[in-house]
Amino acid sequence: MLVPVFTLKLSHKILPRMVALGKYDGTHPCLAAATQAGKIFIHNPHSRGQHITANRLAQSGQDSDISLLNINQAVSCLTAGVLNPELGYDSLLVGTQTNLFAYDVHNNTDLFYREENGANAIVLGMLGDVSSPLAIIGGNCSLQGFDCKGEELFWTVTGDNVRSLALCDFDGDGKKELLVGSEDFDIRVFKEDEIVAEMSETETITALSSMYGSRFGYALSNGTVGVYDKTARYWMIKSKNHAMSIHAFDLNSDGVCELITGWSNGKVDARSDRTGEVIFKDNFASSIAGVVEGDYRMDGNTQLICCSVDGEVRGYLPGSQELKGNLMDTNAEQDLIRELSQKKQNLLLELRNYEENTKVELSTQVNEVDGERGVIPANTQLQTALSVNLGSDSQSAHVELCISTSNDTLIRAVLIFAEGIFEGESHVVHPSPRNLSGHIQVPLTPPKDVPVDLHIEAFFHVFELTRQLPRFSMYALSSPVSAPEPLSYVNFTISERVQRVVMWLNQSFLLPDDTRIQSAPFQVCFTSLRDAGQLCIKIKPSGEISVCTDDIDLAGDIIQSMASFLAIEDLQVEADFPAYFEELRKALIKVDDSHTMCQKLTADMADHSNLIRSMLVRAEDSRLMGDMKNMKKRYMELYDLNRDLLTGYKIRCTNHTELLNNLKAVNQAIQRAGRLRVGKPKAQVIAACRDAIRNDNINMLFRIMRVGTASS
């Protein structure tokens, strides 16, 4: 139970997910939040009337406790913490779509300023073996870490635009790993620049929060909130509202953090880390903007602090045992009545279902099995089978789930739960009474190549079972001569028995029952049910394997899946994707052109600004001297210059958007080249690609992507 201990009503709006708490002088905790018009306000109730020196920070005219930091750009992320341990106090870190800004609030000075291509999320802390705290930003498919001097000590790429970051001791070695949530629905775990785990979700990961040990909470853009322990998901719930902020806080002083969630409808709730059960809730008048913690009253107790977008701030403390009892007693009767009422409704519904079933059974024909009327035979079993359906004129190709009973028992309905396959994550098949049978076929079209658990409930009486959909179920076995072999390929050699590779094939693909693969050499070919693309896997007696496909993402998935199954720690490959590399070459040329255009536009805008200042002075001089003719002429010229300036700004914005799109393509290419390797070769390829781009050596970049090394 949490007890409210203070409430503030600030005079500034707060942007969602833009709240941080820091001790900017080393002693007094202050609340920082992004507000409108590119400003950040800092609420400091501990030193009223403190004089603010003239720099970025200025006193608010509405509230003496609030200072305003003018960024002049839309703030995209915000955090606070110890960036330089020698200072002895926290720094404020601000990210925008073009730069990262570190600020010393106490001394009202800039620590550093870095121009970057987007900062969507930010986290501050120790990462792995890096000796100093890092400000890590997630942007346009890239991750960058800066020390207190603004020097880049960490860089790597990830699969898509980053939306959330957190630091967590994922593997229990006493060092922090980086959790990354991105727009491709994946949570990736980086041990410095190496991916050690990936978890696939059903929507964009909007928030991550370390809880304790290897346990962490997550939130998705579709209203889902849950908890993972390493790669195992403990629980998840889904709401029609959006989770705006999540935070770990020990509200019952048992040493285990609960997951606090602030919602878009103004609700705040605390859930058990083990079960997801709600153990506390409160409501605000508007959407929650952020949840943080700190000793804001400086009384020796850490409060949970919740902020709404309207500027309302509430602080909570874990209640004492006595206070908990009093608070519980006031609501105990209402909670008990509500619980009993819900049980009554459930029992009435169950009774009504029994009555309906009895009527149906009495009206059916005699079931001769065991000589009973309308009774399901005791030996009835539910059977499932997965197969590939190549489709017809009226239906596209798909994976087919066949559900049947072991006798003549009729299936009245089937309910299937599966993440990422169905809209709403569930699917119901309810045949009409005339078409009832003991055999139902359900088409499945998984959008991504990930294994999916199908939780199936069939209703005649309720039968439940779970069946896993293989990772590459959307690829149908085909004849090697049915289509031309893809020009792109990945070649590598492993020291594994052929039978182990065959086991991987059987586990990862839906192979027909009559498929027989005895020994190397052999070749298996598949056709994608999504786009009819070809995939060929060849194995030679020497252990050399070739994966031929024009889809570089599919090749990376094949290699990562095979390496995981065969427990391969390090794998170097030779790869060539001519069409994809040509598209990448064009993107790199466009990046250079965009940089050149940006420099030219910036210079032109600076010249226009100088002319405008000069023209304005001349126009005002003419006005003061009564020279109306020249004044009118000057202001007409000023109008034309201002119009040209606005046009140049629009062109610059368009150029910047194109630059970001091309940089995203480049970063994704580096990440894809890394996914073609495993272990140390993967990390080496990513680092070498980064160096090649820094040195503007495009030919070397493509060599690294092909052979995995820059050396000849």
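1. In this predicted model, the axes of helix 4 (residues 578–624) and helix 7 (residues 698–707) come within 12 Å of each other and cross at roughly 150 degrees. Because angles over 145 degrees count as roughly antiparallel, helix 4 is roughly antiparallel to helix 7. The crossing of these two helices is right-handed.

2. As to the residues involved, helix 4 contributes F581, L584, R585 and L588 to the contact, while helix 7 contributes I698, N699, L701, F702, M705 and R706. Sorted by character, the residues of this contact between helix 4 and helix 7 comprise seven that are nonpolar, one that is polar and two that are charged.

3. A UniProt annotation, from an unreviewed entry, assigns residues 680–706 to "domain: BBS2 C-terminal helix bundle". In the model, the span of residues 680–706 is 89% helix and 0% strand, and the C-alpha atoms at its ends lie 16 Å apart.

4. Turning to a sheet, strands 30, 31 and 34 form an open sheet of three strands in the order 30-31-34, and their pairing is antiparallel. Strand 30 (382–389) and strand 34 (439–444) are the edge strands, each of them pairing on one side only, and the twist from one strand to the next averages 20 degrees.

5. Within that sheet, strand 30 pairs with strand 31 (residues 398–405) in the antiparallel sense over eight bridges. At the level of single residues, Q383 has S404 of strand 31 as its bridge partner. In general, the strands of a sheet pair through backbone hydrogen bonds, either parallel or antiparallel.

Technical notes. Residues numbered from 1 in each chain as written. Predicted model: local features only at pLDDT ≥ 70, side-chain atom pairs only at ≥ 80, totals over all residues. Heavy atoms only, no water. Axes fitted to C-alpha atoms, helices over the stretch in contact; angles between N-to-C directions. Helix = DSSP H or I, 4+ residues; strand = E, 2+ residues; numbered from the N terminus. Parallel < 35°, antiparallel > 145°, perpendicular 65-115°, else oblique. Left-handed = near helix turned anticlockwise from the far one by under 90°. Contact = heavy atoms within 4.5 Å. Nonpolar A, V, L, I, M, F, W, Y, C, P; charged D, E, K, R; others polar. UniProt positions renumbered as here; feature names shortened; annotations may be inferred. Pairing = 2+ DSSP bridges.
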